[in-house]
Amino acid sequence: MTVLKAEESDIRVPVLQIESLPHHWPHRTLLSSVSANGSAVSHRRLSTDSPAPQPAIGQEFVEVLGHSYPRDDFTNVTPGILAKVGRNLHNQSHHPLWLIKERIKAHFYSSYVARGGNPLFSVHDNLNPVVSVEQNFDSLLIPPDHPSRKRGDNYYLNRTTMLRAHTSAHQRELVRSGLDAFLLAGDVYRRDEIDARHYPVFHQMEGVRLFSNHELFSKVENGEMLSLFESGGRRTPQKQEAHSLEAVKLVEFNLKNTLTRLVNHLFGEDLEVRWVDCYFPFTHPSFEMEVRFQGDWMEVLGCGVMEQELVNSAGAGNKLGWAFGLGLERLSMVLYSVPDIRLFWSRDERFLQQFRLTDIQQPVSFQPLSKYPPLHNDISFWLPERESFTENDFYELVRSVGGDLVEKVTLMDQFTHPK
């Protein structure tokens, strides 16, 4: 038992079970770490006692992608996370995340064409993951006290700068640049639990489409009599106060139809899909799409009608639009039968070569690399009741020691001392 500066009273004892990959797998896995000068150094083994990547974190500054950011009391980014910045798996040719991104891009290019014959949607997949807190939260109308801002859930470089937690952080700047329809792909960073479906770095693809009054109602009978907006309206579960109900229903239909066509294109008509009403600060009404995967419903994207205040702040106040954000890993796990999200970070040629296809539309199903069973370890320790300690703090500790060897961490039991 490990005691963490606990006092004799008011202490809790969580008992956790840690599942790790078999000891045989490390010797068959090719991994890359980062040397002090930033170059890639390959190792033929993966173990907890091998040299860790050299951190780009100094006493006073954090260096990311060639830029230095001053540290303060909010800095919590770790060397392991910084080592992932710049990997850009979604832009590595024939990586499974690149494949799914290209398939989505190809679908939008061929299905939605502007009047001049060019693709309606532009694609942006190389924007800097370092953003301001204002971009990540305030630009999306996320309140100052919203739980998603918590230090325990995000990677902060300092109080004003962070690694983006979603690609939506770039939404306002792209709309402000004059774009009415675009796709945005990139790596995002969130402190998260440890299991086969969660990882602190993953990849999202964002979609936005804005409609003018003419674009939305041009094919509707007597559409010239309809309007995107109404004065004196009120917010209901179906719409925002500024929007007309007719406009919202048309935009909602267009959004769900667009995303249903996308998943049918990717997975075929047999995939089970359901829509779930939900809440996002930056859309209303809002929805999640879930698909059936390995016997369970798995959320793969969130979407909704964009908050008009957000659209107005980006200089497009005469338009109404929808937005969606999907997880590339989640879709790839379903499409390519990849059972564990950590595999996407593998440099093992036996994994990568399975996705080197001559045609991005060619079907492929992941073949397992190891036949060895997982190892289970139990650990218990004291926690002071009065100290701020979150589950994500423990997950970060586990990842800093065990890296991607750790497959899952489960809280089995907890005990509070009666004194």
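# Salt bridges and cores: a working chat

Tutor: Let's begin with charges: the count comes to 21 salt bridges. Keep in mind that this is a predicted model.

Student: Okay! Which residue forms a salt bridge with Glu-134?

Tutor: That is Arg-172, and the closest N and O atoms of the pair are 2.9 Å apart. The two sit in distant parts of the chain, 38 residues apart, with Arg-172 in helix 4 (residues 171–176) and Glu-134 in helix 3 (residues 133–136).

Student: And Arg-172, is that buried or exposed?

Tutor: Arg-172 is buried, because its relative accessible area is 17% and the cut-off for buried is under 20%. Glu-134 has 32%, so Glu-134 counts as partly exposed.

Student: Where do Arg-235 and Glu-307 lie?

Tutor: Arg-235 and Glu-307 are joined by a salt bridge too, at 2.9 Å from N to O. Arg-235 is in the loop between helix 5 (213–217) and helix 6, and Glu-307 is in the loop between strand 15 (296–306) and helix 7 (308–313), so the pair ties together parts that are 72 residues apart in sequence.

Student: What about burial for Glu-307, buried or exposed?

Tutor: Glu-307 is buried, with a relative accessible area of 9%. Its partner Arg-235 is partly exposed at 38%.

Student: What does Arg-342 pair with?

Tutor: Arg-342 forms a salt bridge with Asp-340, and their closest N and O atoms are 2.7 Å apart. Arg-342 and Asp-340 are both buried. There is also a network, in which salt bridges with shared partners join Lys-101, Glu-102, Lys-105 and Asp-125.

Student: Changing topic: how many residues are in the largest nonpolar core?

Tutor: The largest nonpolar core has 72 residues, and Ile-104, Phe-324 and Leu-326 have the most contacts inside it. Helix 6 (residues 245–267) gives the largest share of this core, nine residues.

Student: Why would nonpolar side chains gather like that?

Tutor: As a general point, nonpolar side chains in soluble globular proteins tend to be buried together.

Student: Which residues does Leu-326 touch?

Tutor: Leaving out residues up to four places away in sequence, Leu-326 touches Ile-104, His-203, Gln-204, Met-205, Leu-262, Val-300, Leu-301 and Leu-331. Apart from the largest core lies another core of 23 residues, including Leu-140, Tyr-156, Phe-282 and Ala-314.

Student: Back to helix 6, then. What does the side chain of Thr-258 reach?

Tutor: Thr-258 lies in helix 6, and its side chain reaches the backbone oxygen of Asn-254 at 2.7 Å. Not counting residues up to four places away in sequence, Thr-258 touches Phe-108, Tyr-112 and Trp-322. Thr-258 counts as buried because its relative accessibility is 3%.

Student: Where is Gln-362 found?

Tutor: Gln-362 is in the loop between helix 9 (349–352) and strand 17 (375–384). Gln-362 is partly exposed, with a relative accessible area of 32%. The C-alpha atoms of Gln-362 and Leu-99 are separated by 10.0 Å, with the two positions 263 residues apart along the chain.

Student: Last one, the whole chain: how many helices and strands?

Tutor: The secondary structure comes to 10 helices and 18 strands. Of the 419 residues, 48% count as buried. The accessible surface is about 20,500 Å², with 50% of it belonging to carbon and sulfur atoms. Among contacts between residues at least 6 apart in sequence, 66% join residues at least 24 apart.

Technical notes: Residues numbered from 1 in each chain as written. Predicted model: local features only at pLDDT ≥ 70, side-chain atom pairs only at ≥ 80, totals over all residues. Heavy atoms only, no water. Core = buried A, V, L, I, M, F, W, Y, C linked by side-chain atoms within 4.5 Å. Buried < 20%, exposed > 50% of the residue type's maximum accessible area, 1.4 Å probe, protein only. Helix = DSSP H or I, 4+ residues; strand = E, 2+ residues; numbered from the N terminus. Contact = heavy atoms within 4.5 Å. Polar contact = N/O pair within 3.5 Å; in protein donor to acceptor, adjacent residues only side chain to side chain. Areas by Shrake-Rupley, 256 points an atom, 1.4 Å probe, with all protein chains shown as cover. Salt bridge = Lys/Arg side-chain N within 4 Å of Asp/Glu carboxyl O.
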